[in-house]
Amino acid sequence: MARATSEVRATDALANERTFLAYVRTALAFIGFGFVIARFSLFLHEAAVEMHTNVTSTGLSGAFGALMALAGVACAAYGGYRFVVSARALRAGVVVPLSDTAALIGAGVIVVIGLVVAFALPALH
């Protein structure tokens, strides 16, 4: 729910920009980490060749890496959306807080990623 403010300060606009940049940094981290995870199976294969052993790949690292990269794309898109909504609201003199649904979805995505990592890492040994 939006609430009216008496004035919009430069610090509010700058805080909105810093928040957007945090979304961008997080998105880049997700995408970069997704790339590293996706290439992990290639590293395991190369290590197995050097050690003259066989490594069976489940394809989990490629799928999880792609999921992480997509999470980064979604984070960037949502960050851009929030920036525009907040900037328009600031110009109109209102404050639009993060919705409860968006907070729960964001927390849920992090929980799912954490669970996949927690259960996938022991399976790789």
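The following exchange concerns a pocket, a helix and a surface patch in a predicted model.

Me: Which element gives the largest share of the lining of the second largest pocket?
Reply: The second largest pocket has a volume of about 420 Å³. The elements that contribute two or more residues to its lining are α1 (10-51), α2 (60-92) and α3 (100-123). With eight residues, the largest share comes from α3.

Me: How many residues of the lining of the second largest pocket are nonpolar, polar and charged?
Reply: The lining consists of 17 residues, and those nearest the centre of the pocket are Ala 71, Cys 75, Ile 105, Gly 106 and Val 109. Gly counts as polar, whereas Ala, Cys, Ile and Val count as nonpolar. The lining as a whole divides into 15 nonpolar, two polar and no charged residues.

Me: What span does α2 reach from its first C-alpha to its last?
Reply: Helix α2 has 33 residues, for which 48 Å is expected at 1.5 Å a residue. The helix is followed by Gly 93, whose phi is positive, near 85°. The span of α2 in the model is close to the expected one, at 47 Å.

Me: Which residue of the nonpolar surface patch made by Phe 33, Phe 35 and Val 36 is found in helix α1?
Reply: Phe 33, Phe 35 and Val 36 make a nonpolar patch of about 320 Å² on the surface. The residue placed in helix α1 is Val 36.

Terms used: Residues are numbered from 1 along each chain as its sequence is written. This is a predicted model: local features need pLDDT of at least 70, side-chain atom pairs count only at pLDDT 80 or more; totals for chains, interfaces and linings use all residues. Side-chain values use heavy atoms; hydrogens and water are left out. On a 1 Å grid over the protein atoms alone, a cavity is a set of points where a 1.4 Å probe fits but cannot get out, and a pocket is an open set with protein on both sides within 12 Å along at least five of seven lines; lining residues have an atom within 4 Å of a point. Grid points are joined across faces, edges and corners, and a volume is the space filled by probe spheres set on the points. Helices (H or I, at least four residues) and strands (E, at least two) are DSSP runs, numbered from the N terminus. The expected span of a helix is 1.5 Å times one less than its number of residues. Patches are made of residues with over 30% relative accessible area and no salt bridge: like charges are joined within 9 Å, nonpolar side chains (Val, Leu, Ile, Met, Phe, Trp, Tyr) within 5 Å. Accessible areas come from the Shrake-Rupley method with a 1.4 Å probe; for residues, only the protein chains shown count as cover. A salt bridge is a side-chain nitrogen of Lys or Arg within 4 Å of a carboxyl oxygen of Asp or Glu.
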